[in-house]
Each structure stands twice: as structure tokens, then as C-alpha cells.
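Visitor: I am new to reading protein structures, and I would like to take a close look at a single part of this one. Could you walk me through one helix and what lies around it?

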Amino acid sequence: MKTRRAKLPPLPALPAKGKESEKNDVFSSSKRSEIMSRVRSTRNKSTELRLIDEFRRRSLVGWRRNSKLFGRPDFVFPKLRIAIFVDGCFWHGHDCRNTTPKDHADYWRAKIERNRLRDAAATEHLTALGYHVIRIWECDFKKVNQEKLDAKLFPIEEKLRKIE
């Protein structure tokens with residue numbers, strides 16, 4: 001079953017920079033834009049490593065990384081049909097941080113909103129494929145939020161117990 005992915009709205013253009021900032025760059029602004037558009041994250045390492053520690057502490061087995069599923073979940077339990085996304089609070093618009101950069105605020109608001117739309121589309125798509133989607137926020141790893149993390153990982157523990 002193949003579903004079409006919704007097109008995301010374009011980001012607003014950043015305001016033009018002054019002549020001073022252009023002097024320090026060896027590339028033209030269009031070339032710099034082209035270069036930066038090709039930069040891709042190499043994953044959210046620190047929070048993913050914390051989640052791996054949680055999996056090991058709880059003896060949760062059967063997870064895989066680098067899944068090719070739609071939305072690229074950070075972890076997948078293929079046999080349990082569970083997809084886990086570990087989201088950074090700023091980048092994915094979590095309400096634990098009420099911060100928006102003051103510079104280029106419209107751009108950042110639009111960017112974070114597009115990330116949220118993409119996250120919702122991935123969740124909807126994977127749910128339609130029969131996956132249970134779990135979103136773990138960066139702030140869930142703080143000690144004060146341990147109960148939230150426990151509640152999110154509980155379905156995995158339950159399903160693993162039923163298999164054993």
C-alpha cells in the first residue's frame with residue numbers, strides 16, 4: 001500500500017544580509033545557500049545513545065537502527081511493529097521550551113512548523129501500516145521526567161513479555 005506524501009509549504013526567505021557579513025564568506029550567498037541546503041544531520045546521537053542505555057538497562061531486545069521506513073524512525077522493533085522517534089525539543093517544536101530565536105523568527109517558526117507537519121505525516125503513515133509509533137522527546141531523559149519515559153517504554157516491555 002503506497003500513500004502519497006503531502007507536500008510541505010516552502011520556508012520564507014531569510015532577510016537580506018548586510019554587506020559586512022558577505023565580506024567574511026568566500027562563497028557568494030547563492031553558492032553558500034546551495035552548500036548549506038545539502039547539509040544533513042548525522043542523527044541525534046546523544047539522545048539516541050541515552051535511549052540505547054535505557055533499552056539495555058531494561059533488557060529490551062530486538063530493536064534496529066537506520067530503518068528505511070517512511071519518516072526514518074530512529075529505532076524500530078520489527079517483530080513488535082513499533083517505531084520510535086527521538087525528537088529534539090527545539091527542532092520538533094515541543095512545548096517544554098518556549099523559545100524562538102529572535103533573529104529570523106518567521107523563518108524559524110515556519111521551519112519548526114514544517115518539521116511538525118512532517119512528523120505528523122510520518123506518524124500517520126506508519127500507523128496506517130500497522131506500526132505503534134512512539135515519540136520520545138529530548139526532555140524525557142531528564143530525571144524529573146522519568147515517569148514520562150517509563151510510560152512511553154511500557155508498551156514495548158509489555159509486548160516483549162507476551163512473546164516470551
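Guide: Here is a tour that starts at one helix and then moves to its surroundings. Keep in mind that this is a predicted model.

Let us begin with helix H4, which covers residues 105-128. H4 is built from 24 residues, and the path from its first C-alpha to its last is 35 Å, close to the 34 Å expected at 1.5 Å a residue. Just after the helix you will meet Gly130, with a positive phi near 95°.

Now look at which residues of the helix are hidden. The buried ones in H4 are Ala105, Ile112, Asn115, Asp119, Ala122, His125 and Leu126. An α-helix has 3.6 residues a turn, so residues three or four places apart point the same way. You can keep that in mind as you trace the buried list on the model. Strands E3 and E4 are among the elements that cover these buried residues.

One of the buried residues, Ile112, also takes us to a pocket. Ile112 is among the residues nearest the centre of the second largest pocket, together with Gly93, Thr99, Thr100 and Arg116. This pocket has a volume of about 210 Å³, and 13 residues line it. Sorted by class, four of the lining residues are nonpolar, five are polar and four are charged.

Next, step back to the loop between E3 and H4, where Cys96 sits. Cys96 has a relative accessibility of 39%, so it counts as partly exposed. Leaving out residues up to four places away in sequence, Cys96 touches Cys89 and Cys139. Its C-alpha lies 9.8 Å from that of Glu138, although the two residues are 42 apart along the chain.

The covering strands lead us on to the interior. The largest nonpolar core holds 18 residues, and Leu51, Phe55, Phe75, Phe77, Ile84, Ile136 and Ile156 have the most contacts inside it. At least two residues each come from helix H3 (45-57), strand E2 (75-77), strand E3 (82-87), strand E4 (132-137) and helix H5 (146-163). H5 gives the largest share, four residues. To see how such parts meet, pick Leu51: beyond its neighbours within four places in sequence, Leu51 is in contact with Phe75, Ile84, Val86, Ile136, Phe141 and Leu153. Apart from this core lies another, of eight residues, including Val76, Ala83, Ala122 and Tyr131. Ala122 brings us back to our starting point, as it is one of the buried residues of H4.

Methods
Residues are numbered from 1 along each chain as its sequence is written. This is a predicted model: local features need pLDDT of at least 70, side-chain atom pairs count only at pLDDT 80 or more; totals for chains, interfaces and linings use all residues. Side-chain values use heavy atoms; hydrogens and water are left out. On a 1 Å grid over the protein atoms alone, a cavity is a set of points where a 1.4 Å probe fits but cannot get out, and a pocket is an open set with protein on both sides within 12 Å along at least five of seven lines; lining residues have an atom within 4 Å of a point. Grid points are joined across faces, edges and corners, and a volume is the space filled by probe spheres set on the points. Ala, Val, Leu, Ile, Met, Phe, Trp, Tyr, Cys and Pro count as nonpolar, Asp, Glu, Lys and Arg as charged, and the others, Gly among them, as polar. A nonpolar core is a set of buried Ala, Val, Leu, Ile, Met, Phe, Trp, Tyr and Cys residues joined through side-chain atoms within 4.5 Å. Buried means under 20% relative accessible area, exposed over 50%, partly exposed in between (1.4 Å probe, protein chains only). Contact means heavy atoms within 4.5 Å. The expected span of a helix is 1.5 Å times one less than its number of residues.
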